[in-house]
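Hi everyone, thanks for coming. Let's look at the structure together and walk through it piece by piece.

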Amino acid sequence: MDVEFQHISKNFGQVQALTDVSLTARSSTIHGLIGENGAGKSTLMKILTGYQSKSSGSILLDGVEAQLNNPSQASNLGIGMLYQEPMDFPPLTVLENFSLGTPRQSRQELHFALKTLSIRFGFDLDPDLPVELLTVGERQQIELLRLIHCNIKVLILDEPTTGISPAQKEALFPALKQLAADGLTILLVSHKLEEVANLCSEVTVLRHGKLTHHTAAPFHFPKLLTAMFGFVPKRKDKGSARDKGSPILICKNIEASGERQGLHQCDITVAEGEIIGLAGLDGAGQSTFLRLAAGLISPDQGKVTLFNNSLPHGAKAYIRAQELHTSFIPADRLEESLFAGISLRDHFSLREEHGMFWQSRTRTRQRTEEAITTFSIKGTPEDLAEDLSGGNQQRLLLSLLNRNSRLILLENPTRGLDIQSGQWIWQHLRDELSPDTAIIFSSPELDEILHYSDRIIVFHDGNIVLDSAVADTSHGAIAAAMTGMREGTP
Amino acid sequence: MIGELSLPMLIASVLAASAPLIIIALGETLAEKSGVINLSLDGVVLFAAMAAFVVAKETDSLLLGFLAGGCAGMLTGVIVGYFSIYLHLSQVAVGFALSLLCRDLAYFLGNPYSRIQGPTMLSSKLPFYDSLPSSLQIILSQPLTVWLALLLVAIIYYFFSFSKAGLNLRSVGENPAASFARGLNPAKIQMLAVLGGAFLVGIGGAAYSLSLKPGWGRPQGAEGIGWIGLALVIFGGWNPIRVALGATLFAFLQVSGIGLQDLFPGIPSQVFQTAPFPLMIFTLIFMHFSTSRSRKQGYSSSRLQRLAGKLFMSRAPKGLGQSYRQE
């Protein structure tokens, strides 16, 4: 089915999210939609699914104007969307999630359909498991199978590779190509150029809600980048490796539970000034390791030593780790580290150490304004944390970071950020903090690890399978280690 | 058994006393599974009891009385639903205010009917009554409300676990935004659940004034039952069978209180009347402690352990009490 957007505009109150966007996606093709965070890609797609209403313009399906006022109308017309954050029901089982929103069918029929589709696309899903136990990638697979089962004609994917592992990506991409070959119209929203180039035959670029570029394959990357950002962002040359000092974090023979596989026989020593990237498939143990070092979870066996002090067990560990100048920033900004409904200024008041009862409004206001300027946060002191974009939330978190931190633990620090915001974060981390501060971060982007870290540690199923200096390691060896192949491991 | 009560008598009284509470708690479960807390329960039970008694008295028809109770409940459901689902007001505030309003309204409107005789639903004889042993005869002579309550447990359990509509309803309670994205209408489903639930609460109220504690007055005897119903839903883990078992436990505590009163004449009777409430809370807390371990079991790969875990696992619907606003 051909999808034609004609002069679509959308405003949220005063904010113009989309201005006069027109584009056509043809059947049997994968059409890429790229742009920075907040360029309007997701909004345009949510309008197509009827999840959000448009302010003006029209949408034509196979040349006929379509009424898309709610998702029910859109799905009746064969439009389905894979949302960036899984739109599913974590406590319900895989089968229940699969059957919600599909036409009325018996349990056996659904069970059979799920099984056949899983086999066809090479996904491994247990129908009776509650979805909250699965990884984001697996939840996405269920949703994808459900949409296919509903016989959709137009498939929208919103940043489908955000939370999924490289292996799941390897399973997803051929599936998408297969679906396009079967006649589906696929719209792929992304800010990852490599993926778009790999999959799409046509690309449309949005910038600040306006269409800036449209082209068919082969793609000229510099042109696309100019259309996305207005100028080509230069990746700063890799900073010189920093000097290593005395060891500050020592993990010895750690056994811990967490994520899918826990953590086994984990021996890591981190020295002052090191920047370490943690690589591995989604849920292979990186997050467990970061939380272990932060004192958020205690090891079942073994000992964590921070700055020559061994961490106590239980709830005290996190407080002790903070006293020892260790800071942790989790990936889930709004759920684990910021208060969604509290203003920026109040975030700074909360951090104030003095005065149990009274707070000086002028002082915190001044501090907040200083932080907004230094960290170029787009917002005012009275804005709520949830109103900020992902990049600005991350900047706010950095501005709240204890300046005296000597060990910084970051879980996927550039999650959901565009290239520029990501670069800004890294520039700040490298330049503003004292050079003997150690940074440990996890990231699903191998490029980010290779580019910013001095040392790489690869996790697989809860084991450390590779630990070496980045300069001595090839891309291939790391990828092999991540997928569990032991060749190339020193 | 306990005091003057023989075992068959005890069982029969527990069954009779639990029936209205089961119906009320199931009604609340229905609403809460869809994500709406109907906090007006306590007042609505009295309001429906009053309406049922008045209508039954005026028309001399039990059936119309029960219907009036259900409709009175549904009327309050319309208010709770409209204000919290469509106007996005706080469910807690609306429910609480309505609870107080309904209670006072019931006392005020029901005043002329205080302490007078009215139609009462008596226990009905089963068709094969005469062929039963005497102890079973005692246990099984129950008013229709008992059989209705037991039937409802089965129906609602089936509805949640196996029906498509029940799955849709649960999905709205978990994540209304995702339900909307899948083409469901969360507001409509929630409204239907609230109305259906409120109707059941009304029937439960009618069961008090027309059967268990016949008549109207101040106090009627159903005071505080709504709050117990709300607590039962939480501690029963939003599972209809466990909720019903909790209601039976509460009825047992109430009934045995009466028996114990005869055994210990020295203790003031108020102690036995109020004892079920704190005892209930202690029992439920005790049950609650077993849930954290059973949650882990619920995810275990062993089928048997998973079943055991499911039996004791309790978790509130994720979207409970939050008003869903469509983007």
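Between domain 1 of chain A and domain 2 of chain A, the count of residue pairs in polar contact, both at pLDDT 80 or more, is zero. A polar contact here is a pair of N or O atoms within 3.5 Å; within protein, one must be able to donate a hydrogen and the other to accept it, and residues adjacent in sequence count only if both atoms are side-chain atoms. The count of salt bridges between domain 1 and domain 2 of chain A is zero as well, a salt bridge being a side-chain nitrogen of Lys or Arg within 4 Å of a carboxyl oxygen of Asp or Glu.

A quick word on ground rules. This is a predicted model, where local features need pLDDT of at least 70, side-chain atom pairs count only at pLDDT 80 or more, and totals for chains, interfaces and linings use all residues. Residues are numbered from 1 along each chain as its sequence is written, chains are lettered from A and ligands numbered from 1 in the order in which they are written, and side-chain values use heavy atoms, with hydrogens and water left out.

So where do the domains begin and end? Domain 1 of chain A covers 3-229, and domain 2 of chain A is made of 247-325 + 402-482; these bounds come from an automatic or database domain assignment. Their C-alpha centres lie 33 Å apart.

The two domains do touch: 14 residues of domain 1 of chain A are in contact with 11 residues of domain 2 of chain A, contact meaning heavy atoms within 4.5 Å. The area buried between them is about 1200 Å², and carbon and sulfur atoms give 49% of it. By buried area I mean the accessible area (1.4 Å probe) that two parts lose on being put together, summed over both.

Which helices help on the domain 1 side? On the side of domain 1 of chain A that touches domain 2, α5 and α6 (166-181) of chain A each supply at least two residues. Helices (H or I, at least four residues) and strands (E, at least two) are DSSP runs, numbered from the N terminus.

Let's move on to the sheets. In domain 1's stretch of numbering, please find the open sheet of four strands in chain A, ordered β2-β1-β4-β5 with antiparallel pairing. Two strands pair if DSSP finds at least two bridges between them. At the edges stand β2 (15-25) and β5 (64-65) of chain A, each with a single partner strand, so one side of each is left without a neighbour in the sheet. Strand β1 (residues 3-12) of chain A is joined to β4 (residues 56-61) of chain A by five bridges. One pair to click on is Gln6(A), whose bridge partner in β4(A) is Ser58(A).

Now scroll along to another open sheet of four strands in chain A, with the order β12-β11-β14-β15 and antiparallel pairing. Its edges are β12 (263-271) and β15 (309-310) of chain A; each has a single partner strand, so one side of each is left without a neighbour. Strand β11 (residues 247-256) of chain A runs antiparallel to β14 (residues 301-306) of chain A, with five bridges joining them. Leu249(A) stands opposite Leu306(A) in β14(A), and Glu255(A) stands opposite Gln301(A) in β14(A). β11(A) also pairs with β12(A), over six bridges, and there Ile254(A) has Cys266(A) as its bridge partner.

There is a hairpin to see too. β19 (residues 455-460) and β20 (residues 463-469) of chain A pair in the antiparallel sense over six bridges, with Ile457(A) opposite Asp467(A) in β20(A). Two residues lie between the strands, and Asp461(A) in the turn has a positive phi of about 50°.

Last stop: the two chains. How many residues of chain A are in contact with chain B? The count is 29 residues of chain A, against 22 residues of chain B. Together the chains bury about 2300 Å², 55% of it on carbon and sulfur atoms. Tyr51(A), Phe89(A) and Leu100(A) supply 26% of the area that chain A buries against chain B, more than any other three residues.

There are two salt bridges between chain A and chain B. One of them joins Arg182(B) to Glu143(A), with the closest N and O atoms 2.6 Å apart.
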